[in-house]
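Got your viewer open? Let's take a short walk through this one, one selection at a time.

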Amino acid sequence: MKYDTLTGRRLKEPFNHISWVHSTLQLKNFNLKQCFFGEHLLNTSNFPVASVESEKTAVISSFYFPQFIWLASGSLQNLKSSMFERLKGRSIILFPDTSLKGIAFNKWLQVATELVNLEYNCITSDFLELNASIQEKENGVDLADYLVKYAISEFLGKDNKV
């Protein structure tokens, strides 16, 4: 993926076309089953899990909130309750991006509700939904866009080591 060096935001098509290998190779009856970006980290600790949309946001957030294992779905529509099988028994918090009319928040809230009905311990953070301006929602800001406004040392406090 390509990112704008000034804003840190991903460049959208046509500049950043994503090609899937199975599509390029024209594999018939290919069954793509995606996992979370960062899912391999589940083997490293029993920390609670935080999930965001963007891989970039997962990486940045891991510095600000090291007490979580940070995962990314890769897109708004990728987040599905079926992806969470390996997370059973963990506390999970979802941090959806912003969007106009709360579309992203409501989609992820729906997934969290499905997970709770399947006896997962999952909540959806409303921090961005409540605090983002209309312009920020139009731009689809995410958690990383808020966090990078703070130096990590300032955010965590003087006593925390990074």
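Before you click anything, a word on names: helices and strands here are DSSP runs, at least four residues for a helix and at least two for a strand, and they are numbered from the N terminus. Keep in mind that this is a predicted model.

Start with the whole protein in cartoon view. You'll find 7 helices and 4 strands, and from the N terminus on they run α-β-α-β-β-α-β-α-α-α-α. Now switch to a surface view: the accessible surface comes to about 10500 Å², with 56% of that belonging to carbon and sulfur atoms. Of the 162 residues, 40% are buried.

Next, select Leu25. It sits in the loop between helix H1 (21-24) and strand E1 (49-52). Is Leu25 buried or exposed? Its relative accessibility is 55%, so Leu25 counts as exposed, since the cut-off for that is over 50%. Add Val21, Leu27, Phe30 and Leu32 to your selection: together with Leu25 they form a nonpolar patch on the surface, with about 480 Å² of accessible area.

Now move along to E1. This strand pairs with strand E3 (residues 91-94) in the parallel sense, over 3 bridges. To see one pairing up close, pick Ala50, whose bridge partner in E3 is Ile93.

Stay on E3 and look for its pairing with strand E4 (residues 121-124), also parallel, over 4 bridges. Here, select Ile92 and its bridge partner in E4, Cys122. Last stop: trace the chain from E3 through helix H3 (residues 103-117) to E4, a β-α-β crossover that is right-handed.

Terms used. Residues numbered from 1 in each chain as written. Predicted model: local features only at pLDDT ≥ 70, side-chain atom pairs only at ≥ 80, totals over all residues. Heavy atoms only, no water. Buried < 20%, exposed > 50% of the residue type's maximum accessible area, 1.4 Å probe, protein only. Areas by Shrake-Rupley, 256 points an atom, 1.4 Å probe, with all protein chains shown as cover. Patch = residues over 30% accessible without salt bridge, like charges linked within 9 Å, V, L, I, M, F, W, Y side chains within 5 Å. Salt bridge = Lys/Arg side-chain N within 4 Å of Asp/Glu carboxyl O. Pairing = 2+ DSSP bridges. Right-handed = clockwise from strand over helix to strand, strands pointing away.
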